[in-house]
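Me: I have a new structure open on my screen and would like to learn how to read it. Could you walk me through its features step by step?

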Amino acid sequence: MHEYTSTARVWGLSCPGFPEEVSRARRWTRDILRNSPLAEDAELIVSELSANAILHTASGCESGSFHLAVAVSAQVVAVSVTDDGGAASAPKVGHQDQDAEHGRGLGMVSAIAHRVVVHDSDQGHTVTAELYADLQRGGHPC
């Protein structure tokens, strides 16, 4: 973040629901967060959430899409992925065996992020993961 900017800056990107768009989402996130110590974690989170949107919701159907937002302030990097809905249930952290091939993604995101929030709407789900600057995982900013 620029030293003279005191408020959060927000970027948005819409991607077609093709698997190759996950790597585009990662690169886009990496470009926004270059020089940030939180860039690698944010990139991994975006990759996982984007892949989940494509695999588990209407985002992966013909003419589907998913939408990303990255908000950056001096204290927090928040990454959000919004899907096109159509899933039988909202995303939730599953407690899978570590050898399981599927179902561990949101759990991994929760382990990396300081806070994960899922918002449901008639149009789909938004999963937001927050990474706090200058805190150990599991810490709280206040």
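Me: Let me start with a helix. What span should the 18 residues of helix 2 have, and how far apart are its end C-alpha atoms?

Reply: Happy to help, and please keep in mind that this is a predicted model. At 1.5 Å a residue, helix 2 should span 26 Å, and its end C-alpha atoms lie 25 Å apart, which agrees.

Me: Thanks! Which elements does the protein chain contain, and in what order do they run?

Reply: The protein chain has 3 helices and 5 strands. Starting at the N terminus, they follow the pattern β-α-α-β-β-α-β-β.

Me: How are the strands arranged in the sheet?

Reply: Reading a sheet starts with who sits beside whom. Here 5 strands make an open sheet in the order 1-2-3-5-4, with antiparallel pairing. Strand 1 (9-16) and strand 4 (115-121) are at the edges; each has a single partner strand, so one side of each has no neighbour in the sheet. On average, neighbouring strands of this sheet are turned by 15° against each other, direction ignored.

Me: Which strand pairs with strand 4, and over how many bridges?

Reply: That is strand 5 (residues 124-132), which pairs with strand 4 in the antiparallel sense over 7 bridges. If you want a spot to zoom in on, His-119 stands opposite Thr-126 in strand 5.

Me: Where do helix 1 and helix 2 lie relative to the strands?

Reply: Helix 1 lies across strand 1 and strand 2, and runs at about 165° to strand 1. Helix 2 lies across strand 2, strand 3 (76-82) and strand 5, at about 15° to strand 3.

Me: Which residues of helix 2 are buried?

Reply: A general idea comes first: an α-helix has 3.6 residues a turn, so residues three or four places apart point the same way. In helix 2 the buried residues include Ala-39, Ala-42, Ile-45, Val-46, Leu-49, Ala-53 and Ile-54. Polar residues are on the list too, among them Glu-43, Ser-47, Glu-48, Ser-50 and Asn-52.

Me: Could we follow one residue of helix 1? Is Ala-25 buried or exposed?

Reply: Ala-25, found in helix 1, is buried because its relative accessible area is 0%, and the cut-off for buried is under 20%. Leaving aside neighbours within four places in sequence, Ala-25 is in contact with Val-46, Ser-50, Phe-66 and Leu-68. Two of these partners, Val-46 and Ser-50, appear among the buried residues of helix 2. Ala-25 and Leu-13 are 12 residues apart in sequence, with 8.0 Å between their C-alpha atoms.

Me: Which residues have a positive phi although they are not glycines?

Reply: Most residues other than glycine have a negative phi. Here Asn-35 has a positive phi of about 75°, and Ser-63 has one of about 65°. Asn-35 belongs to the loop between helix 1 (21-32) and helix 2 (39-56), while Ser-63 sits in the loop between helix 2 and strand 2 (65-72).

Me: Are Asn-35 and Ser-63 buried or exposed?

Reply: With exposed set at over 50%, Asn-35 counts as exposed because its relative accessibility is 79%. Ser-63 counts as exposed at 75%.

Me: Finally, what share of the protein chain is buried, and how much area does the chain expose?

Reply: Of its 142 residues, 39% count as buried. The chain exposes about 8500 Å², with carbon and sulfur atoms supplying 48% of it. As for contacts between residues at least 6 apart in sequence, 60% join residues at least 24 apart.

How values were computed. Residues numbered from 1 in each chain as written. Predicted model: local features only at pLDDT ≥ 70, side-chain atom pairs only at ≥ 80, totals over all residues. Heavy atoms only, no water. Helix = DSSP H or I, 4+ residues; strand = E, 2+ residues; numbered from the N terminus. Buried < 20%, exposed > 50% of the residue type's maximum accessible area, 1.4 Å probe, protein only. Pairing = 2+ DSSP bridges. Axes fitted to C-alpha atoms, helices over the stretch in contact; angles between N-to-C directions. Contact = heavy atoms within 4.5 Å. Areas by Shrake-Rupley, 256 points an atom, 1.4 Å probe, with all protein chains shown as cover. Expected span 1.5 Å × (residues − 1).
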